[in-house]
Amino acid sequence: MRVNFTVNGRRQEADDVWEGESLLYVLRERLGLPGSKNACEQGECGSCTVRLDGVPVCSCLVAAGQVEGREVVTVEGLADYAKQRAEHGGCATGACGTSGTSLEDARPGVPPDEAWGRAAKGQDSQTGEGTGSSPHAALAPIQQAFIDAGAVQCGFCTPGLLVAADEMLERNPNPTDADIREALSGNLCRCTGYEKIMDAVRLAAARQGEAV
Amino acid sequence: MPTIGTPTKITQGSRTKGGIGESTLRPDGILKTTGEFAYSSDMWHEDMLWGQILRSTVAHAEIVSIDTGEALATPGVYAVMTYDDLTADVKNYGLEIQDTPVLAHGKVRHHGEPVAIVAADHPETARRAAAKIKVEYRELPVITDEASATAPDAVLVHEHRDDHHVGHVPHPNVVHRQPIVRGDVAAARERADVIVEGEYTFGMQDQAFLGPESGLAVPDEDGGVHLYIATQWLHSDLRQIAPVLGLPESKVRMTLSGVGGAFGGREDLSMQIHACLLALRTGKPVKIVYNRFESFFGHVHRHPAKLYYEHGATNDGKLTHLKCRIVLDGGAYASASPAVVGNASSLSVGPYAVDDVDIEAIALYTNNPPCGAMRGFGAVQACFAYEAQMDKLAAKLGMDPVEFRRLNAMEQGTIMPTGQPVDSPAPVAELLRRVKAMPMPPERQWESSEGADVRQLPGGLSNTTHGEGVVRGVGYAVGIKNVGFSEGFDDYSTARVRMEVVGGEPVATVHTAMAEVGQGGVTVHAQIARTELGVAQVTIHPADTQVGSAGSTSASRQTYVTGGAVKNACELVREQVLEIGRRKFGTYHPAWSTAELLLEGGKVVTDGGEVLAGLVDVLEGESVEVEQEWRHRPTEALDLRTGQGNGHVQYSFAAHRAVVEVDTELGLVKVIELACAQDVGKAVNPLSVLGQIQGGTVQGLGVAVMEEIIVDPETAKVQNPSFTDYLIPTILDTPTIPVDVLELADDHAPYGLRGIGEAPTLSSTPAVLAAIRTATGLELNRTPVRPEHLTGTA
């Protein structure tokens, strides 16, 4: 079947989708967006968390056909999404009553073919090493906070946690520790013991508070 | 009070930013937060196929027949392979003992053993085709414990053993046995005023790294193959893969792809050979990605163990002796079992001074899932038992459990049961003192003006209590872990360091084969290069087999050993750079030949701080490159009869205090706080140090209260291979983890550092158990503790 939906503000069309495929499979294997991770395929780990019409979901539990005509935001689109939200008073999609620029108008996005460039050519992922204290312009505040707080180790849980944490801070800009733990309880991390993730979310909330 | 150690002093590089001791940020942090970092499961290649493995549905059986016809006839399937398709002479692999068949040959020895492999153009096609392979099994009796393994008429898990342990084991179903005997236990036992015995059970823990086993094999034009893989040790994989493919190692090229955690679970091979076989058979790139279900079958687990302990002590609180026997279930294949036995036996006494010991550790061959390396590696199981014993002894003597431990704590100069002296700081008593001195979390934290916040209570959002029946308990534990590979292993690492001018700036490039699995080795390598070479820009080359081995990302060894290799290579590069400087500029300033010279901030300076030249000028038209192996001090094998020998190179110590609240009616546990104090020698990257300590602490928490692979004792089948049924701690299960870091230099190690990754995993579990015992008054001789153990309904 063919599935039409919007991913990170860009209309996408996936062809030859087998009915049993999940949204996660279509994102990773058909649209060149492997940022959402597959760690359990059972909705237990949250590594594949994306936003579907604004709501965080495990994309492994969403059948591809279910997303027809809907809007998906993945970790790859998180920075743009956060930027749009900041520019539109807390609403990234323009669907909150204000008429904003749609993501697609604002930035055409990376053509999916380019993203395939990660193919088996090795990667320069560990090059370009600086001492790492300057903020990266193309990151969402929550992404920068994860880096700064040491919340990233192996990083496999990171994309899902970022999407979930960003959504929580959108709803609840001043979360208590218990609020943070509750909101992120669907995201497993095996490396960090969660302490630095707590630090990162607290840091992002504090920076968000300062910016207002 | 005599000094227990001193911190490291650094001269070279102390004025260069981003070096040793700073919390520099991960070089892969941006890519990991944007989703661009390419993990092994993200690899993609034009025209690639998907591989799938068919695994045994029974634990122990003869294979009567395999019919692949229907699978092969499935549209989209390119290849189906079984044992009969293996063309090389070598058909087994293994870390130490090559006892593991690449594909089952006539027999399967555990549930989930690979029997056949399929390549197809869609992963679902491959899965369905694999399901169409018909395997007829004739089931054999299952060996599941020590009694069934060592019975005189026991079926042998491996009929034709010829490994180097078979000569000294009491039964062919015992992989390895290590006794350690020292002093006179019978005489020491006479001196004891109290004797405490215990029998302890440690459940099977899974590494549960989040990124499942995966990789991409691409056939090369020369008949070889290039494997992009998530592993802990590229060169160990290479040594095992090439012979089974019938290729020289030079034709198997390996590049590390992104690794989604490891914790020991990637020491053994998983899908590496299978992907290469299918790629070579089909001539197409083949990707294999396990799902979580398969991952539970696709890697070894932590050895479950039975531990029998007897300690004695005098009325004034001094330990007299230790008798113990540790039985580890190694499962169907050897994996790292022999080394785990060595650790369990040599560290079975814990961080305590005991002169008279009678110790035995064995690992069994059974038809249970194979067990091998996991963070803590044999020391974890022992720590659970000896710390329970310490609490029992203290209780029997009417002493404070921390005071009792401090009275018996080892220190620098203590002789280990192996006869090896502890020759670097061992601040065991100090760590206990520190962890006890930390402020306690306030009582009844769940109370708020709006009533009980159930999120802070046992049972959480299940809303099972508002404080009724909730009892607080506090427990302490301390542990000892060896750092690096022990027992005479040639444990080296290789580093290639290049220095040149790029874009008008001096740049160092560090190339090693170290597996970055999340621990932050890439961060540390850059810091070392900055400190040793006085530069700002460091490029970390992707890890591959184009450079010599970096050893395993295991045993808390990488910052020590590969870090040591990087430091060493940088020092040699620095010498050459200074030599070039002397040649070019030596005549301009006498300090070039008379002063001690340093590289700082991109310049050559004297130790007094006078600038002699810029590195850009020194390196103009030149580049310097060094590749060198580096070794830590050699260790010795342990005597097979007495266990004597200088088996370890370094130890790592951590202590925990656990504060728990238990709903004693429902048996639900909430860990409120897990405070840790650890000596790290030198905190090379303080932020990463905390990350290791907190992460290790929570893995210890997991096996205290929830994590266990359940194997049916009748069938040896795994009952809970999913994250629905095998629980790891969520952020709601996890407490705050305050950490007190001590930095006492080990003069034998680079920068005085100590391997840190594993020690916190040891003491966390017994501290939580001790706290639950305090809260409930129950004996609790097994871990993990489940509600039924606390309510008496088990």
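The following paragraphs describe a predicted model containing chains A and B, beginning with chain A and passing through the contact between the chains to the interior of chain B.

Chain A, a chain of 212 residues of which 54% count as buried, comprises eight helices and five strands. Read from the N terminus, these elements follow the order β-β-α-β-β-β-α-α-α-α-α-α-α. Among the contacts of chain A with a separation of 6 or more, 61% are made by residues that lie 24 or more positions apart.

Helix 1 of chain A, which spans residues 23-30, is mostly covered, with six of its eight residues buried. The buried residues are A:L23, A:L24, A:Y25, A:V26, A:L27 and A:R28, and the buried residues of this helix pack against strand 1 (3-7) and strand 2 (10-14) of chain A. After helix 1 of chain A comes A:G32, which has a positive phi near 70 degrees. A positive phi is also found at A:E41, a residue other than glycine, where the value is near 55 degrees. A:E41 belongs to the loop between helix 1 and strand 3 (49-52) of chain A, and it counts as buried because 21 other C-beta atoms lie within 10 Å, the cut-off being 20 or more.

The contact between the two chains draws 58 residues from chain A and 68 residues from chain B. On the side of chain B that touches chain A, two or more residues are given by each of helix 1 (29-34), strand 11 (214-219), helix 13 (521-533), strand 25 (537-540) and helix 17 (686-705) of chain B. Helix 17 of chain B makes the largest contribution to this side, with seven residues. By class, the residues on the side of chain B that touches chain A comprise 32 nonpolar, 27 polar and nine charged.

Within chain B, the domain assignment gives domain 1 (29-37 + 492-631), domain 2 (41-140 + 212-259 + 266-298) and domain 3 (425-484 + 647-791). The centres of domain 1 and domain 2 of chain B, taken over C-alpha atoms, are separated by 39 Å. Contact between these two domains of chain B involves 15 residues of domain 1 and 14 residues of domain 2. The side of domain 1 of chain B that touches domain 2 of chain B consists of six nonpolar, seven polar and two charged residues.

An open sheet in chain B is formed by three strands in the order 26-27-28, with antiparallel pairing. Its edge strands, each paired on one side only, are strand 26 (597-600) and strand 28 (611-614) of chain B, and the twist from one strand to the next averages 25 degrees. Strand 27 (residues 603-606) of chain B is joined to strand 28 of chain B by three bridges in the antiparallel sense; B:V604 has B:A613, in strand 28 of chain B, as its bridge partner.

In soluble globular proteins, nonpolar side chains tend to be buried together. The largest nonpolar core in the model holds 318 residues, and the members that touch the most others are B:V118, B:C276, B:V660 and B:V768. Helix 10 (residues 379-397) of chain B gives the most to this core, contributing 11 residues. For B:V118, the contacts beyond its neighbours within four places in sequence are with B:G51, B:Q52, B:A71, B:V77, B:V80, B:A126, B:A129 and B:A130.

B:V768 also appears among the contacts of B:A658, a residue of strand 30 (residues 650-663) of chain B. B:A658 counts as buried because 32 C-beta neighbours lie inside 10 Å. When neighbours within four places in sequence are left aside, B:A658 is in contact with B:G475, B:V671, B:L674, B:A767, B:V768, B:A770 and B:A771. The C-alpha atom of B:A658 lies 6.3 Å from that of B:Y476, although 182 residues separate the two along the chain.

Most residues other than glycine have a negative phi, and most peptide bonds are trans. In chain B, B:L780 has a positive phi near 50 degrees and is a residue other than glycine. B:L780 is placed in the loop between helix 18 (759-776) and strand 33 of chain B, and counts as partly exposed because 17 other C-beta atoms lie within 10 Å. The peptide bond joining B:T783 and B:P784 is cis, with omega about 0 degrees; B:P784 lies in the loop between strand 33 (782-783) and helix 19 (787-791) of chain B.

Notes
Residues are numbered from 1 along each chain as its sequence is written. Chains are lettered from A and ligands numbered from 1 in the order in which they are written. This is a predicted model: local features need pLDDT of at least 70, side-chain atom pairs count only at pLDDT 80 or more; totals for chains, interfaces and linings use all residues. Two residues are in contact if their C-beta atoms, placed from the backbone, lie within 7 Å. Helices (H or I, at least four residues) and strands (E, at least two) are DSSP runs, numbered from the N terminus. Ala, Val, Leu, Ile, Met, Phe, Trp, Tyr, Cys and Pro count as nonpolar, Asp, Glu, Lys and Arg as charged, and the others, Gly among them, as polar. A nonpolar core is a set of buried Ala, Val, Leu, Ile, Met, Phe, Trp, Tyr and Cys residues joined through C-beta atoms within 7 Å. A residue is buried if 20 or more other C-beta atoms lie within 10 Å of its own, exposed if 12 or fewer, and partly exposed in between; C-beta atoms are placed from the backbone. Two strands pair if DSSP finds at least two bridges between them. Axes are lines fitted to C-alpha atoms, for helices over the stretch in contact, and angles run from 0 to 180 degrees between N-to-C directions. Domain bounds come from an automatic or database domain assignment.
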